[in-house]
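Let's work through a few short exercises on aromatic rings. Keep the structure open while you go.

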Amino acid sequence: MTQANPMPAGDKATDLLTLDDVRAAAKRIEGAVVRTELMHSITLSEITGADIWLKFENHQFTAAYKERGALNALLHLTEEQRSRGVIAASAGNHSQGLSYHGRRLGVPVTIVMPSTTPSVKVMQTESVGGNVVLFGETFDEAYGHALELEKERGLTFVHPFDDPKVAAGQGTVALEMLAAKDDFDCLVVPIGGGGLMSGMATVAKALRPEIEMIGVQAQLYPSMYSAVTGDELPCGGDTLAEGIAVKKPGDFTRQIIAELVDEVLLVGEPKLEQSVSLLLQIEKTVVEGAGAAGLAAVLSNPEKFADKKVGLVLCGGNIDTRLLANVLIRDLARSGRLARLRVTLQDRPGALYKVMREFNDHNVNIIEIYHQRIFTTLPAKGLVTEIECEARDQSQIDGLIKTLEAKGYSVEMAELE
C-alpha cells in the first residue's frame, strides 16, 4: 500500500519527532481539546495487584484521543491548504476527530470509507462536519481512492498515524499524564498503527528514561509486534478492539517504537471483553475494545505489573451499544452469574415441574426455557430442555447442577472461551 506521507529518505524517525515537537503541539491545541482527567482506581488496583491510574481520553468530545493529532496536523496547514481542504481514509476515530476540528476551523474535510462501513459510523462522521465518500469493499481500496482524490482535487492527506505531526499531537497525552504524576513505573499504551505510542514514548523517554513503555495489541492483529520482534504471526479476524485492528503499521511509527518501546504484549478477546465490562462496572465509564487493551494487558500479566505504578490510557469510547450489551452479558456468563443448562428429561407429565422445583430450592432465577422434542438424538419419549438462568455466583449454579445430577438428570452447561 502506498504511503501518503512517506518519511524522507535518510531521516531518522526520532529526529522527526522530539519532546519539543510535542510541547509545541500542546501549546497549539491547548483549549481546543479536553485536558482529560488522570484518576487513581482503588478497586482496579486491588483486582490487578498493581497501582492503576487511568487517563480518560474517552472523555474527549468525539470520545477518542485522535482529536489531538488531527488538530495538530490541521494547524500546520498553510492558508492555501486550508482553503482547498484535507482528506483521509478512515472508518474510525480519526475521521471524527479530523471532521470535528476541520469544521471548527473552517477547513473542508473529506473522509473516504469502504462502502461496507456501518451506517452509524458514516452518520457520526457526517454529524461532526465530515464529507463522507464511500468507495470499495476494503480499507485498502478506500485508502487508494483517497490518494487519487488527493491528487485530483489538490487536497492535503492527513494520515491517521504515520505522520510526525499527528504523532506529536498524540504525545500530548503523555505530557499531561507525567505533569499530573511524575513517578510512574510504566505506561501501558494500545498500539494499532503506532501514532499514540510513538508520541507518548517520545515524551516519556525524554523526561524519564527509566520509565517502561509497554505496548498492547489484540492477539488477532499483532502487526506492530511482528514488525519489531521479527516473529511473523497471522493477522486478521473479528476483534473487539477494532480501533487497533491494523494490518500494516506505519513505517515512521515502527522505527520510533522499535527504538523507544520496551515491550509489546498481545491480549486475547476474553480479556478485552472482561476489561470493557470491568471499566463500566467499576469506573462507570464506557470504553471501546481498544480503550480497554491496557487493562487487558495488566489482567493477562499480573506478575509483570505487580506493585508497579501503572498508567493506562482509555484511548476511546466509541462502541456500538448492541455490541456493548453482548460484552456485558457474556461477562456475566463467564463469571457464573448467567448460565444455560441443557437438561435431559423424560417426556411425561410433571417432568419439567420437578426440575423447576430444584431451581426454586436453590434460589436460581429462570430467565428462559426452550424445549426440544423433535430435532434430537434421544428416543421418542425423551426431550431436551435448555434453561437460561441467573444466580448469585458460580457456586450457586454448581450446587444446582450437583443436586440435579444426584437425582439422575443429565446436565450440560454451555461454556464460553
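Rings of Phe, Tyr and Trp (its six-membered ring) count as a pair if their centres lie within 6.5 Å. The model you're looking at is predicted.

**Exercise 1.** Work out how many aromatic pairs the rule gives.

Solution. Applying the rule gives a count of three aromatic pairs.

**Exercise 2.** Take F61 and Y100, and decide how their rings are arranged.

Solution. Start with the cut-off: planes under 30 degrees apart count as stacked. The planes of F61 and Y100 are at 25°, with the ring centres 4.4 Å apart, so this pair is stacked. Next, find the two residues: F61 is in the loop between β2 (51-55) and α4 (66-74), while Y100 belongs to helix α6 (residues 93-105). The pair therefore ties together parts that lie 39 residues apart in sequence. Finally, check accessibility: F61 is exposed at 54% relative accessibility, whereas Y100 is buried at 17%.

**Exercise 3.** Now do the same for F139 and Y143: what kind of pair do they form?

Solution. Their centres are 5.9 Å apart and the planes make an angle of 55°, which is a tilted pair. Both sit in helix α8 (residues 139-153), and because they are four residues apart there, about one helical turn separates them. F139 is partly exposed, with a relative accessible area of 35%; Y143, at 2%, is buried. Then look one step further: ring pairs join F139, Y143 and F157 into a cluster.

**Exercise 4.** Find the ring that the charged end of K181 sits over.

Solution. Go to F184: the charged end of K181 sits over its ring, 5.8 Å from the ring's centre.

Note on methods: Residues are numbered from 1 along each chain as its sequence is written. This is a predicted model: local features need pLDDT of at least 70, side-chain atom pairs count only at pLDDT 80 or more; totals for chains, interfaces and linings use all residues. Side-chain values use heavy atoms; hydrogens and water are left out. Rings of Phe, Tyr and Trp (its six-membered ring) pair if their centres lie within 6.5 Å; planes under 30 degrees apart count as stacked, over 60 as edge-to-face and the rest as tilted. Buried means under 20% relative accessible area, exposed over 50%, partly exposed in between (1.4 Å probe, protein chains only). A charge sits over a ring if NZ of Lys or CZ of Arg is within 6 Å of the ring centre and within 35 degrees of the ring normal.
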